[in-house]
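Reader: I would like a close look at one helix of this protein and at what surrounds it. Please take me through it slowly, and define your words before you lean on them.

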Amino acid sequence: MRLLTSTFRSVKHPIPIPIPDPKPNIVKPSLPSESSAVAKSKSELKACLKQHNGELSGGAKASRAGRPWVCACVVRGFHDQSEACEFEFKWKMVSRKLPRKKKNKEADDCSLTLLQHRQTALNKVKGMLDCSHLEVEWQMSTS
């Protein structure tokens with residue numbers, strides 16, 4: 001040990017140098033099975049849907065107007081949250097800019113028209129971004 005200065009009588013401790021272990025114990029983290037990962041994502045999706053519908057607290061305020069929400073499409077396989085957010089942003093922007101067909105008087109036909117509109121927007125986003133690694137699963141009939 002040595003003093004840093006004569007004015008300030010602090011002591012500078014030597015920094016210990018770590019000695020590498022000749023045989024390190026490497027533990028590979030076990031990856032969750034695909035079925036458990038899908039089950040977890042499904043339970044998270046159900047919780048988010050309940051939040052959007054007001055059944056649980058904490059949902060986005062912007063989604064109040066469209067209640068009740070149903071899951072129409074699930075997109076999986078994003079590398080990280082940033083990629084997922086970019087995809088969602090592009091999909092929403094393309095969907096908003098696409099021309100809408102005139103509304104019919106039947107409510108069921110209106111829902112189908114909306115899903116077809118979203119699917120058209122999704123196909124345009126697929127052309128804009130590299131989506132080859134993504135899995136798109138429609139939950140409702142769109143044709």
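Author: A residue is called exposed here when its relative accessible area is over 50%, buried when that area is under 20%, and partly exposed in between. With those words fixed, and bearing in mind that this is a predicted model, the helix to examine is α2, which covers residues 81-97.

A brief word on the setting comes before the helix itself. The protein has three helices and four strands, and from the N terminus on these elements run in the order β-β-α-β-α-α-β. Of its 143 residues, 15% count as buried. Among contacts between residues at least 6 apart in sequence, 53% join residues at least 24 apart.

The helix can be checked for its length before its faces are considered. With 17 residues at 1.5 Å a residue, α2 should span 24 Å, and because its end C-alpha atoms are 24 Å apart, the expected and modelled spans agree. The buried residues of α2 are Glu83, Phe87, Trp91, Val94 and Ser95. They cover an arc of only 100 degrees around the axis, and therefore they sit on the same side of α2. The general background to such a pattern is that an α-helix has 3.6 residues a turn, so residues three or four places apart point the same way. The face of α2 turned away from the buried side carries Gln81, Ser82, Phe89, Arg96 and Lys97, which are exposed. Two further residues can be placed between these extremes: Met93, which lies in α2, is partly exposed with a relative accessible area of 27%, and Cys85 is also partly exposed, at 41% relative accessibility.

What does the largest nonpolar core consist of? This core has 11 residues in all, namely Cys73, Val75, Phe87, Trp91, Val94, Leu98, Ala121, Leu122, Val125, Cys131 and Leu134. The elements that give two or more residues to this core are β3 (73-76), α2 and α3 (107-128). As a general matter, nonpolar side chains in soluble globular proteins tend to be buried together.

Ala121, one of the members of that core, shows how the pieces meet. Leaving aside its neighbours within four places in sequence, Ala121 is in contact with Trp91, Val94, Ser95 and Leu98. From Met93 to Ala121 the C-alpha distance is 8.8 Å, although the two are 28 residues apart in sequence.

Ser95 deserves its own paragraph, as a buried residue of α2 that is not listed in the core. Its relative accessible area is 4%, and because buried means under 20%, Ser95 falls in that class. The side chain of Ser95 is joined to that of Arg118 by a polar contact of 2.7 Å. Beyond the residues up to four places away in sequence, Ser95 touches Arg100, His117, Arg118 and Ala121.

Elsewhere along the helix, Phe87 and its surroundings meet a loop. Leu129 is found in the loop between α3 and β4 (135-138), and, not counting residues up to four places away in sequence, Leu129 touches Glu86, Phe87 and Lys90. Leu129 and Phe87 are 42 residues apart in sequence, with 8.0 Å between their C-alpha atoms.

Trp91 leads in turn to strand β4, where Trp138 has its place. Not counting residues up to four places away in sequence, Trp138 touches Trp91 as well as Ala72, Cys73, Leu115, Arg118, Gln119 and Leu122. Arg118 is thus a residue that both Trp138 and Ser95 touch. The C-alpha atoms of Trp138 and Cys73 are 4.3 Å apart, with these positions 65 residues apart in sequence numbering. Trp138 itself counts as partly exposed, at 24% relative accessibility.

Since cysteines have come up several times, which of them form disulfides, and how many are there? A search of the whole structure finds zero disulfides. For Cys71, the closest cysteine sulfur is that of Cys73, at 7.4 Å, which is too far for a bond because a disulfide needs the two sulfur atoms within 2.5 Å. Cys71 is partly exposed, at 23% relative accessibility.

Definitions and conventions. Residues numbered from 1 in each chain as written. Predicted model: local features only at pLDDT ≥ 70, side-chain atom pairs only at ≥ 80, totals over all residues. Heavy atoms only, no water. Buried < 20%, exposed > 50% of the residue type's maximum accessible area, 1.4 Å probe, protein only. Polar contact = N/O pair within 3.5 Å; in protein donor to acceptor, adjacent residues only side chain to side chain. Contact = heavy atoms within 4.5 Å. Core = buried A, V, L, I, M, F, W, Y, C linked by side-chain atoms within 4.5 Å. Expected span 1.5 Å × (residues − 1). Arc of directions from axis to C-beta.
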